[in-house]
Amino acid sequence: MSAVHFISGLPRSGSTLLAALLRQNPRFHAGMSGPLAGLFGALLGEMSARNEFSVFIDDAKRERILHGLFDNFYADCPAEVIFDTNRAWCGWMPAVSRLFPEAKMLACVRDLQWVVDSIERLIQRNVFTPSSIFGFNPGGTVYTRANGVVAQDGMVGASYDMLKQACYGAQRDRLLVVQYESLTTDPGRTMRAIYDFIDEPMFEHSFDNIDYDVTEFDERAGTPGLHTVHAEVRAQPRETVLPPDLFNRFLRDAFWRDPASIPAGLQVV
């Protein structure tokens, strides 16, 4: 099978942009979040003791079955290097490290206030299209929506907890934290750091002619623009749409910016 790496981290933090850049390399396969992490968790659950037949499944079989999930899913992919994207992979780091000892994980991060702002901006832009993010519920306010996504089981809160688990866990040497600001303001340096981290020869990427369109998926999710990638990589300063008290709630959550909070062995670009 091809070499396997993972893209994970926080939502609205550049993972789709990163995948769009990586797929410019003809040796690489990368894309938006896919179904493998969900299938991975479902298989683990079905092979657990809640299944009365799990007595016939030992850890060696579990490992072969889970490895086979990747082998079969990507059986028709000719790429030499595969990047599978899902926010949940940070939570599965000990398991995927066992399955793929050479695999690395790229965790995309962004200040939480701007993650929440980005989600709210999408909701306010698509006022006539209720989003799957909130169960297609057309009601609520910026406060109820923010509280929902940052809850422990929410879109942002769950991925933030998984990110912290990975950053402080035993496998953190396999993790590269990729800041959204670094990717958008200095993509050349950021991509060089990524290639060094995954030990692959550098490829000359284009940062002003990016082609990646999943409009149909976003529209079916009731969130047009969810995975939109602009043709040119650039930082886009803007005012927040969050009320000040809500915006300020998250100012201290970017632990990756504090040198005193970064554990030994964790790399941040």
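Buried here means under 20% relative accessible area, exposed means over 50%, and partly exposed lies in between. Keep that cut-off at hand for the exercises below, which all concern a predicted model.

**Exercise 1. Work out how strand 5 sits in its sheet, and whether its residues are buried or exposed.**

Step 1. Start with the whole sheet. Six strands make an open sheet with the order 2-3-1-4-5-6, and their pairing is parallel. The edges are strand 2 (28–29) and strand 6 (267–268), each of which pairs on one side only.

Step 2. Look at the partners of strand 5. Strand 4 and strand 5 pair in the parallel sense over five bridges, and Leu-106 has Leu-176 as its bridge partner in strand 5. Strand 5 also pairs with strand 6, again parallel, over two bridges. There, Val-177 stands opposite Val-268 of strand 6.

Step 3. Apply the cut-off. Five of the five residues of strand 5 are buried, and the strand is mostly covered.

Step 4. Sort the side chains by direction. Leu-175, Val-177 and Gln-179 point one way, Leu-176 and Val-178 point the other way, and all are buried.

Step 5. Add the helix. Helix 9 (residues 187–198) lies across strands 1 to 6 and runs at about 175 degrees to strand 5.

**Exercise 2. Find the pairing partners of strand 3 and explain why strand 3 counts as largely enclosed.**

Step 1. General background comes first: strands of a sheet pair through backbone hydrogen bonds, either parallel or antiparallel.

Step 2. Take one partner. Strand 1 (residues 3–9) pairs with strand 3 (residues 81–85) in the parallel sense over five bridges. Val-4 has Ile-82 as its bridge partner in strand 3.

Step 3. Take the other partner. Strand 2 and strand 3 are joined in the parallel sense over two bridges, and His-29 has Ile-82 as its bridge partner in strand 3.

Step 4. Check both faces. Val-81, Phe-83 and Thr-85 on one side are buried, as are Ile-82 and Asp-84 on the other, so both faces are covered.

Step 5. Conclude. Because five of the five residues of strand 3 are buried, the strand is largely enclosed by the rest of the structure.

Step 6. Look for a neighbouring helix. In helix 2 (residues 36–46), Leu-36, Ala-37, Phe-40 and Gly-45 are buried. These buried residues pack against helix 3 (59–73), strand 3 and helix 4 (93–99).

**Exercise 3. Describe the packing of helix 5 against helix 6: what are the angle and the distance between their axes?**

Step 1. Read off the geometry. Helix 5 (residues 112–125) and helix 6 (residues 142–150) pack at an angle of about 130 degrees, and their axes are 10 Å apart.

Step 2. Classify the angle. Angles over 145 degrees count as roughly antiparallel and those from 65 to 115 as roughly perpendicular. The angle of about 130 degrees therefore makes helix 5 oblique to helix 6.

Step 3. Give the handedness: the crossing of helix 5 and helix 6 is right-handed.

Step 4. List the contact. Helix 5 contributes Val-116, Ile-119, Glu-120 and Ile-123, while helix 6 contributes Val-142, Arg-145, Ala-146, Val-149 and Val-150.

Step 5. Sort these residues by class: seven are nonpolar, none is polar and two are charged.

**Exercise 4. Decide how Arg-12, Gly-14 and Asp-199 are placed: which are buried, partly exposed or exposed?**

Step 1. Begin with Arg-12, in the loop between strand 1 and helix 1 (15–22). The relative accessible area of Arg-12 is 22%, so Arg-12 is partly exposed.

Step 2. Gly-14 is in the loop between strand 1 and helix 1. At 10% relative accessibility, Gly-14 counts as buried. Leaving aside neighbours within four places in sequence, Gly-14 is in contact with Cys-108, Tyr-180 and Leu-183.

Step 3. Turn to Asp-199, found in the loop between helix 9 and helix 10 (215–220). At 67% relative accessibility, Asp-199 counts as exposed.

Step 4. Finish with the backbone. Most residues other than glycine have a negative phi. Phi is positive in Arg-12, near 55 degrees, and positive in Asp-199, near 60 degrees.

Methods
Residues are numbered from 1 along each chain as its sequence is written. This is a predicted model: local features need pLDDT of at least 70, side-chain atom pairs count only at pLDDT 80 or more; totals for chains, interfaces and linings use all residues. Side-chain values use heavy atoms; hydrogens and water are left out. Axes are lines fitted to C-alpha atoms, for helices over the stretch in contact, and angles run from 0 to 180 degrees between N-to-C directions. Helices (H or I, at least four residues) and strands (E, at least two) are DSSP runs, numbered from the N terminus. Angles under 35 degrees count as roughly parallel, over 145 as roughly antiparallel, 65 to 115 as roughly perpendicular and the rest as oblique. A crossing is left-handed if the near helix is turned anticlockwise from the far one by less than a right angle, and right-handed if clockwise. Contact means heavy atoms within 4.5 Å. Ala, Val, Leu, Ile, Met, Phe, Trp, Tyr, Cys and Pro count as nonpolar, Asp, Glu, Lys and Arg as charged, and the others, Gly among them, as polar. Two strands pair if DSSP finds at least two bridges between them. Buried means under 20% relative accessible area, exposed over 50%, partly exposed in between (1.4 Å probe, protein chains only).
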